[in-house]
Amino acid sequence: MPHDDHDHPHSLLPPEPALRVKALETILTAKGLVDPAALDEILDTYERKVGPHLGAAVVARAWSDPDYRARLLADATAAIAELEISGRQGEHMVAVENTPETHNMVVCTLCSCYPWPVLGIPPGWYKSDAYRARAVREPRKVLAEFGVTLPDGQKVRVWDSTAEVRYLVIPMRPAGTEGLDEAALARLVTRDSMIGTGLPTGPA
Amino acid sequence: MTRVHDMGGRHGDGPVVPEPQGIVPFFEDWHRSALALTLAAGGLGQWSIDTSRHARECLSPKDYARFSYYEKWIAALADLLVAKGLVTREELAAGSAAPAPAHPKLFRAEAVGPALAKGSPYTRPGPAPDFEPGDRVRTRLPARNTLVPGGHTRLPAYAAGQVGTVILRHGAHVFPDANAHNLGEAPEPLYTVAFSAADLWGEAEAEGDEVTLDLWQSYLEPA
């Protein structure tokens, strides 16, 4: 398509966002370009089925099962599929493990690429200009805004998702969780801890 | 030479505001519709993810800055629908269209679950990689699409002309610089390259901090 068409067709739609979307929905439905039932199905997927509880199950399995952890680090897409988790924006997964030496944090500076099958749709802050601009240059200041301060000597590695590879951070297992089963461990794993802007919650 | 979306490292943005954990809710009804419409229309298979990213990047800097996330999606979707001849300017202006039979590639409700769970892999048979983990490589300077002036590229300006170390190889992936412009998938070896934050920014927040990027082979030369 030609780019830099300064007479963008979108400007023909009403200025108010809700009306713009409504107009487009009306046109697409009338022209047989969109199935209204498909819209409901898509929303049901991302409002109810797919979310960070899925990524948390992967992390909890990795914490509990050393063989699974090894498979996850070697081929995350396949290891995640063992839990019947797969799909759009998670076709090429890489798991990156936090250690006492390295804290990992994920961003997409160019758009807002995010591992949807394991985390769901991205939170607003992940898509914000502030996060996209700052995460690569001053990750520690950004972490502080999430209430996270890293210990001295732990380096930060920020993963800018510039291709179709999607990153899942495997946070460090909190101390004092030795007796917990996978389901209990998964409840400690927050969405932000799998993006790298948070840490898992401690045992209750 | 850069576009407005290429904002990595930019100064002047405010704080990042955390949100509650869990599944992210939609804050407006039209956000729900914008997401669903964009995915459903994408399901027609008339454009690639690279083309849709480029459509968003081609919003004017003024629109890109003032539009919220889902407004960008809707604006780019409208532009793509017209560019592909699926919707006319007149229909956009009227906000309505005459009824028409279902498009042969209509993304139907029953296909949604399987399609979302399957995704679209981007690996392809392609050339063998020239680099291996541990190799030092230098990125293109300036960051630009060498096939199409002003075209889509995935090398951010902040990482242009920098020397880093290959840490991962991902096989050959669809090359966005070509695919976004209907020049074919032109698969190339894809790498993850780690850069010292001190090299990128002049000084790092802490010694040893790094930034990694996923970069196609033609963005790189031996260093």
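**Contact between the chains.** I looked up the contact between the two chains first, and I found that it takes 81 residues from chain A and 87 residues from chain B, where two residues are in contact if their C-beta atoms, placed from the backbone, lie within 7 Å. The side of chain B that touches chain A has 49 nonpolar, 20 polar and 18 charged residues; here Ala, Val, Leu, Ile, Met, Phe, Trp, Tyr, Cys and Pro count as nonpolar, Asp, Glu, Lys and Arg as charged, and the others, Gly among them, as polar. Among the elements of chain B that each supply at least two residues to this side are α1 (29–42), α4 (69–83) and β4; helices (H or I, at least four residues) and strands (E, at least two) are DSSP runs, numbered from the N terminus.

**Source.** I note that this is a predicted model, in which local features need pLDDT of at least 70 and side-chain atom pairs count only at pLDDT 80 or more, while totals for chains, interfaces and linings use all residues. Residues are numbered from 1 along each chain as its sequence is written, and chains are lettered from A and ligands numbered from 1 in the order in which they are written.

**The sheet.** I then followed the open sheet of seven strands, which runs in the order β2(A)-β3(A)-β4(B)-β3(B)-β2(B)-β1(B)-β5(B) with mixed pairing; two strands pair if DSSP finds at least two bridges between them. Its edge strands, each pairing on one side only, are β2 (102–107) of chain A and β5 (220–222) of chain B. For the join between the chains, I found β3 of chain A (residues 155–160) and β4 of chain B (residues 210–216) paired in the parallel sense over four bridges. Across this join A:V158 stands opposite B:V211, and A:D160 stands opposite B:L213.

**The core.** I looked next at the largest nonpolar core, a set of buried Ala, Val, Leu, Ile, Met, Phe, Trp, Tyr and Cys residues joined through C-beta atoms within 7 Å, and it has 114 residues, with A:L24, A:L168, B:L37, B:A40 and B:L77 having the most contacts inside it. Helix α4(B) gives the most to this core, with 10 residues. Leaving aside neighbours within four places in sequence, B:A40 is in contact with A:V34, A:D35, A:A38, A:L39, A:I42 and B:F107.

**B:Y70.** Lastly I checked B:Y70, which is found in helix α4 of chain B. B:Y70 counts as buried because it has 23 C-beta neighbours inside 10 Å, the cut-off for buried being 20 or more, with exposed at 12 or fewer and partly exposed in between. Not counting residues up to four places away in sequence, B:Y70 touches B:H31, B:A34 and B:L35.
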